[in-house]
Amino acid sequence: MGVYNNPWFIVYVVLVCLYFQFQISSAVDKISGNQSLSGDRTISSEEGNFVLGFFKPGNSSNYYIGIWYNTLSELTAVWVANRDKPVSDKYSSQLRISDGNLALFNESNTLIWSTDLKPTTSSSLEAVLLDDGNFVLRDGTNSSDQLWQSFDHPTDTFLPGCRLGFNKITKTSTRLISWKNKDDPAPGLYSIEVDPNGTSQFYISWNRSKIMWTSGNWDGQRFSLLPEMRLNYIFNYTYVDNENERYFVYSLYNSSIISRLIIDVGGQIQQLSWLKSAKQWNLSWSQPRVECDLYAYCGSFGSCNLKSKPLCHCLSGFHPKSEEEWNSEVYNGGCARKTILQCGNSSLINGKSDQFLASPDMLLPTNPQPWALAKEKAQECGSTCLSDCLCTAYAYDGTHCSFWHGDLLDLRQREDGDPNGQTLYVRLAASEFSNSKSKERLIVVVVGSMVIVIVLGLLLLVILRRTKMRKIEKVSGSPSEIKDSIAAEGGQDNPQLVFFSFKTILAATSNFSEAQKLGEGGFGPVYKGNLPGDQEIAIKRLSRKSGQGLEEFMNELKLIANLQHKYLVRLLGCCVEREEKILIYEYMPNRSLDKFLFDPSQKAKLVWDKRLNIAEGVAQGLLYIHKFSRMKVIHRDLKASNILLDEAMNPKISDFGMARIFGINQTEANTNRVMGTYGYMSPEYAFSGKFSEKSDVFSFGVFLLEIVSGRRNTSFHRSGLSLTLLSWAWELWKEGNEAEIIDPSMNGTCRPEEAVRFIQVGLLCIQEDPTDRPTMSSVVLMLSSDTQTLPSPKEPAFHSRRTVESSSPRPNSCSKNEMTISLPEGR
């Protein structure tokens, strides 16, 4: 007790505590010469944008020194120091300044990573984390004298202000290199860098050797083969070429936006922006857009198939080298043989010779042997390959053999009958084909007997089924044809899709009782149904009087079966019997948005936060079908009545009967059958039959103005003029009275500055010229950012098309007429 009461001991304890407190508090944004960083200690940039410290990526058990965003809900690393040399104990490892370098030492005090500068004894050095995410080593007495910076040594992330380029003096490149996988930041297979040969393009390379994609040259505004990366009102891209260096750099017009460009583990360049409201990263664009276009995307002996899910599969006789990586959709590790080959393996004495398995409809692997042999038969190619232990595969084009040694890379599966597909013969161990003749005979006998029984049974069922079908069915588009059509689009990946019997539908709707009817659209009536087990469903029945038919029915069925997103309505199944064509959806208890938005007695339930959530959800749903679904889709009929609401008032885009599928690189299409709803159709579509992503953007702009105003974009009257909502909103915007557009029923819940922002985004979407309208990627970003400066909108489409009423002025009134139309010709 005497020690603890000793005043000198108390003074000592206080001084020690003050010392450690000083050590911690004085290193807020930097590490000085007498300090170190270990354990849970971090340093933060001055404004708190970024943090540097030890972290564990994903499910890894290793620790790395890295930089990550400080304000995000998920840890997102933007730079890693010791990416290929992790440490196991962060508490006994130290990051400190040593001999003029910033250095990381592990638990054994072994140097793991260093800035690799010439040694110096200067005591004024400091390592500072800047607010742009750049970590610099500099002389503390002269902050402009930077000796080293992380921006010169990026990992997989290209931050605003960082330079991606080529130093003409040192002949070195600043490149991004992908992570090995999602849990391991070690250098992966893919990298991106500026062309060192002097052109103004940059490229993605595989294994730092093979160029697999280029951006095209910079023309001062954009890269010729990368239209997404261009000067706009969000990003300011710059390419610089001087006597010392060539580099590419970008900045954000609004510094409050959090955005980064990365090369991901699969080899794609991705521009991502953080959505504050959704608390997640939004993918603005990616290149190459098609994963199978990435070189060796599925690794060695892996085949890529756009029509399958997952995209990558190992060839027969092979299995993934890492099941864990494949389960996390990282495939470039490739596949390994299940059984080693006989040829060249002395341990397999008296083993059978290797054999070849034919893989048809393949895009042949790259880098065949530089010689080819003229042969009359494919078997001769096989004999030649079999005699060479290095030969792993061959192909025969009818006159010549091609051979491959070692790993097979960049394999792609083509569709049946594709003229570009060829048969690849892959070498496998004989045991992959059979183990013994007796086993083969047994299998043949058993399988043969089973086949005979099954065939006889099926034949009887087919006869009975056809007899019944002739009596009760007369329908164009049978269930088998529908299944085949969906399968052709990849619909086999939706096992939840059910084919209901008409009897089940009758029972679920009480024989299509009027009490069960929810409403009626251009397709036909919609009913509420109850399946056994009290599962509620929505049943959409094609009306015989509908202008839509089998084509629209099949279109909606194929699309919804293949599109799955939280903001798209989910298709449960269909029914095709007799002359009935019925679609079955998940039931949306709050029905469609228009029932709330345009009903004076209901619209007050749509408080501002709910409207904001609905608008952002619809925007993300459109962005998905335009950019990130397996098929690029243009909806063509977006409107409030086609937005369904679940029990929590979350939106779901529905009614894809008029939607159209675009090719990956297709930007526009033409039709002589204009379909959609007046008031929501873009001018180029309504008058010329041309439609594109920007057509949907126009419809979304109308929808956004309706959300804010609570009015339909159909004629309402003001001061003797017949106006549209678009014209009215534009006039108020020009006068500076845009706040008058806001629905008064939101009084008390609306944040006017956000509503005005939505109005401005809506006006940008409805501009006359499609090229002036933003993409849905930009729209999502504009809606989620409350500080981004937006451009001024130009005059909207249809603004000049107003007529003077001959009748006397009437009070404001909204027409509730809304009709989906189908015109025989584009005008």
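**Group meeting: a walk through the predicted model**

Okay, let's start at a helix end: right after H12 comes Gly 710, and its phi is positive, near 75°. Keep in mind throughout that this is a predicted model.

Staying with H12 for a moment, the helix covers residues 693-709, so 17 residues, and at 1.5 Å a residue we'd expect a span of 24 Å. The C-alpha atoms at its two ends sit 25 Å apart, which agrees. And is H12 mostly covered or mostly open? Mostly covered: 17 of its 17 residues are buried.

Now let me zoom out. The protein chain has 827 residues, and 51% of them count as buried. On the secondary structure side, you're looking at 15 helices and 53 strands. If you take the contacts with a separation of 6 or more, 57% of them come from residues 24 or more positions apart. The chain exposes about 39100 Å², with carbon and sulfur atoms supplying 51% of that.

Part of the surface to look at is a nonpolar patch of about 470 Å², made by Val 446, Met 450, Ile 454, Leu 458 and Leu 461. Met 450 belongs to helix H5, residues 437-472, and its relative accessible area is 49%, so we call it partly exposed.

For contrast, go to Ile 43 in strand S3, which is residues 42-44. Ile 43 has a relative accessible area of 1%, so that one is buried. Its C-alpha is 6.3 Å from the C-alpha of Lys 30, and the two are 13 residues apart in sequence.

Right, cysteines. How many disulfides does a search of the whole structure find? Six. I'll go through three of those.

Cys 298 and Cys 312 make one, with the sulfurs 1.9 Å apart. Cys 298 is in the loop between strands S26 and S27, while Cys 312 is in strand S28, so the bond ties together parts 14 residues apart in sequence. The torsion about the S-S bond is about -75°, so this disulfide is left-handed. Both ends are tucked away: Cys 298 is buried at 3%, and Cys 312 is buried at 2%.

Next, Cys 314 pairs with Cys 335, sulfur to sulfur 2.1 Å. This pair links distant parts of the chain, from S28 to strand S30, 21 residues apart. Its torsion is about -85°, so left-handed again. Cys 335 is buried too, with a relative accessible area of 2%.

Then there's Cys 343 with Cys 389, at 1.9 Å between sulfurs. Here Cys 343 is in the loop between S30 and strand S31, and Cys 389 is in the loop between helix H4 and strand S33, so the bond ties together parts 46 residues apart. With -80° about the S-S bond, this link is left-handed as well. Unlike the buried Cys 335, Cys 343 is partly exposed at 23%, and Cys 389 is partly exposed at 40%.

If you number the bonded cysteines in sequence order, the pairing reads 1-3, 2-4, 5-6, 7-10, 8-12, 9-11.

Last one: why doesn't Cys 574 bond with Cys 575? Because the sulfur of Cys 574 is 7.4 Å from the one in Cys 575, its closest cysteine sulfur, and that's too far for a bond. The cut-off here is 2.5 Å. Cys 574 is buried, by the way, at 0% relative accessibility, and Cys 765 is also buried at 0%.

That's my tour, happy to take questions.

Notes. Residues numbered from 1 in each chain as written. Predicted model: local features only at pLDDT ≥ 70, side-chain atom pairs only at ≥ 80, totals over all residues. Heavy atoms only, no water. Helix = DSSP H or I, 4+ residues; strand = E, 2+ residues; numbered from the N terminus. Buried < 20%, exposed > 50% of the residue type's maximum accessible area, 1.4 Å probe, protein only. Contact = heavy atoms within 4.5 Å. Areas by Shrake-Rupley, 256 points an atom, 1.4 Å probe, with all protein chains shown as cover. Patch = residues over 30% accessible without salt bridge, like charges linked within 9 Å, V, L, I, M, F, W, Y side chains within 5 Å. Salt bridge = Lys/Arg side-chain N within 4 Å of Asp/Glu carboxyl O. Expected span 1.5 Å × (residues − 1).
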